[in-house]
Amino acid sequence: MLDMLDNRSDKAIDPALLSHFAAIVGDKYAITDPSAQAPYLVELRDLFRGHSPMVLRPGSVAEVSAILKLANETGTAIVPQGGNTGLVGGQIPHHNEIVLSLNRLDRIREVDPTSYTITCEAGVTLRRAREAAAAVDRLYPQLLPSEGTCTIGGNLSTNAGGTAAIAHGIARAHALGLEVVLADGRVLNNLNKLKKDNTGYDLKNLFIGAEGTLGVITAAVLRLVPRPRSVETAFAGVASAEAALELLVIAQERTGGDVTSFEIMTREGIELVLRYGQGCRDPLASPHAWYVLMELSSQQREGLREALEAVLAEGLERGLIHDATIAESLEQARAFWRVREMFGEVQRFAGGSIKHDISVPVAAVPDFIKEAGAAVTALISGARPLPFGHLGDGNIHYNVNQPVGADKEEFLKRWDDVNATVFAVVKKYGGSISAEHGVGVMKRDLLPTVKDPVALDLMRNLKRLLDPNGILNPGKVL
């Protein structure tokens with residue numbers, strides 16, 4: 001577990017006050033038993049563990065409103081939580097705060113295929129939203145490996161990304177309107193389906209990506225897009241990140257908006273997947289330095305396969321691709337994606353892993369990877385950079401595994417040193433230290449070193465305005 005929390009002391013909450021909170025949701029949904037609380041208190045990678053006197057699971061917006069009203073009046077800190085899939089500690093109660101779990105707010109209020117919208121409560125999982133859209137022949141285009149667990153409210157609160165962002169954008173791009181409970185319990189009803197609404201400030205964007213520090217998202221109107229009529233998936237071995245970037249340019253020039261995913265991975269990471277990823281097989285006959293997983297989607301039923309073959313043929317002709325295969329079935333395409341989805345997961349079996357979620361301009365990705373690799377290995381001899389991720393939008397998960405045979409705990413003590421080394425290269429290329437995972441507590445203290453001072457001042461002023469008593473997810477982001 002990382003030692004990167006602030007110095008605020010834990011505040012005990014009066015049992016009588018806890019009884020008042022419990023009365024709002026009913027004893028059944030006010031969890032105090034430590035074993036029952038456990039799933040709400042531990043972060044996915046076990047980097048952060050929290051503690052809380054009570055986990056509240058409201059079943060309506062009115063109950064969320066009542067909880068926040070009471071919290072605001074009594075100065076009781078609240079940590080909102082969705083599916084607890086966050087990776088930067090933002091959803092964990094580090095200082096004995098009450099957890100406000102939104103997973104009982106799980107109704108899909110409306111699906112409107114004509115307007116291309118779906119209205120979901122915060123606790124609806126991403127998979128359910130996608131299935132509801134598919135049932136009316138539409139697509140909700142956000143796609144994350146955690147889709148069965150992560151929730152719409154959490155995705156919006158962290159402005160989550162995913163593998164389809166190259167074509168459809170990240171969470172912010174999908175939201176038309178929000179319903180938000182403010183710190184004082186008032187409900188901001190901004191649930192509209194309008195493509196055009198020019199009536200002043202676009203307030204919804206204050207809460208998207210705010211990680212529950214400005215208000216609690218309880219529902220959202222989301223954009224849908226036409227469901228693709230054809231999908232083609234290829235797995236290619238390439239010589240370098242530069243070759244992968246050239247292949248991306250070819251794919252975009254030949255197919256336009258049909259490139260819906262373009263992922264890159266290193267061979268060393270693939271070998272870990274093959275060793276530790278259950279059911280994973282090498283898609284190609286021989287090893288290659290780098291790999292590309294490319295997916296095209298189209299509204300046309302015919303011609304996409306030929307378009308993908310033409311992209312790969314040009315890549316082969318120009319020496320960018322050494323070998324490639326196209327999925328012949330949905331099952332094979334899923335096998336390709338399984339390799340990608342396990343890439344980050346299996347690295348824990350190879351010892352300590354210091355992880356980064358960064359973005360740089362797409363054109364700078366190869367140079368960033370090269371310079372960051374040189375800097376990291378100069379810092380720690382034998383360290384193993386295992387970069388992978390979304391080349392199409394410049395978002396690279398730059399993970400660094402410990403040297404073979406090194407002591408895991410000693411390696412993880414270098415977390416801050418490795419961060420500083422990687423982030424210096426990110427800064428050189430005008431990038432971001434958090435592309436899609438958020439700030440939480442993991443990157444909170446780094447924010448002043450990379451954020452424009454005026455922007456940071458405006459953020460603090462917005463926090464004071466919307467949460468003057470500091471009850472909403474205190475100590476996170478700011």
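This is a short talk on the salt bridges, one pocket, one helix and one sheet of the structure shown above. Keep in mind that this is a predicted model.

I will start with the salt bridges. There are 27 in the structure, and I will go through a few of them.

The first pair is Arg229 with Asp137. Their side chains form a salt bridge, with an N to O distance of 2.8 Å. Arg229 sits in the loop between strands S11 (225-226) and S12 (230-238), while Asp137 sits in the loop between helix H4 (126-135) and strand S7 (138-139), so this contact ties together parts 92 residues apart in sequence. Are these two buried or exposed? Neither label fits: Arg229 has 35% relative accessibility and counts as partly exposed. Asp137, at 30%, also counts as partly exposed.

The next pair is Arg340 with Glu263, whose side chains meet in a salt bridge at 2.7 Å, N to O. Here Arg340 belongs to helix H12 (residues 330-345) and Glu263 to strand S13 (residues 259-266), so the pair links parts that are 77 residues apart in sequence. In this case both residues, Arg340 and Glu263, are buried.

Then there is a pair inside one helix. Arg267 forms a salt bridge with Glu271, and their closest N and O atoms are 3.5 Å apart. Both are in helix H10 (residues 267-276), four residues apart, which puts about one helical turn between them. As a general point, an α-helix has 3.6 residues a turn, so residues three or four places apart point the same way. As for accessibility, Arg267 is at 14% and counts as buried, whereas Glu271 is at 35% and counts as partly exposed.

Last on this topic, salt bridges also link Arg107, Arg109, Glu121 and Glu179 into a network.

Now to the second largest pocket. How much space lies in it? The value is about 1200 Å³. Its lining has 36 residues, and the ones closest to the centre are Arg130, Leu139, Leu143, Val231 and Glu295. Several elements give two or more residues to that lining: H4, helix H6 (165-168), S11, S12, S13, strand S14 (290-298) and H12. Which of them gives the most? That is H12, with five residues. By type, the lining of this pocket divides into 16 nonpolar, 10 polar and 10 charged residues.

Next, helix H9, which covers residues 241-255. H9 has 15 residues and spans 21 Å from first to last C-alpha, close to the 21 Å expected at 1.5 Å a residue. Several of its residues are buried, including Ala241, Ala244, Leu245, Leu248 and Thr255. Just after H9 comes Gly256, with a positive phi of about 60°.

I will finish with a sheet. Four strands make up an open sheet with mixed pairing, in the order S1-S2-S4-S3. Why do S1 and S3 each have one side without a neighbour in the sheet? Strand S1 (30-31) and strand S3 (78-81) are at the edges and have a single partner strand each, so one side of each is left without a neighbour. In general, strands of a sheet pair through backbone hydrogen bonds, either parallel or antiparallel. S1 pairs with strand S2 (residues 55-56) in the antiparallel sense, over two bridges. Within that pairing, Ile31 stands opposite Val55 in S2.

That is where I will stop.

Technical notes. Residues numbered from 1 in each chain as written. Predicted model: local features only at pLDDT ≥ 70, side-chain atom pairs only at ≥ 80, totals over all residues. Heavy atoms only, no water. Salt bridge = Lys/Arg side-chain N within 4 Å of Asp/Glu carboxyl O. Buried < 20%, exposed > 50% of the residue type's maximum accessible area, 1.4 Å probe, protein only. 1 Å grid on protein atoms, 1.4 Å probe; cavity = no way out; pocket = protein on both sides within 12 Å on 5 of 7 lines; lining within 4 Å. Points joined across faces, edges and corners; volume = space filled by probe spheres on them. Nonpolar A, V, L, I, M, F, W, Y, C, P; charged D, E, K, R; others polar. Expected span 1.5 Å × (residues − 1). Pairing = 2+ DSSP bridges.
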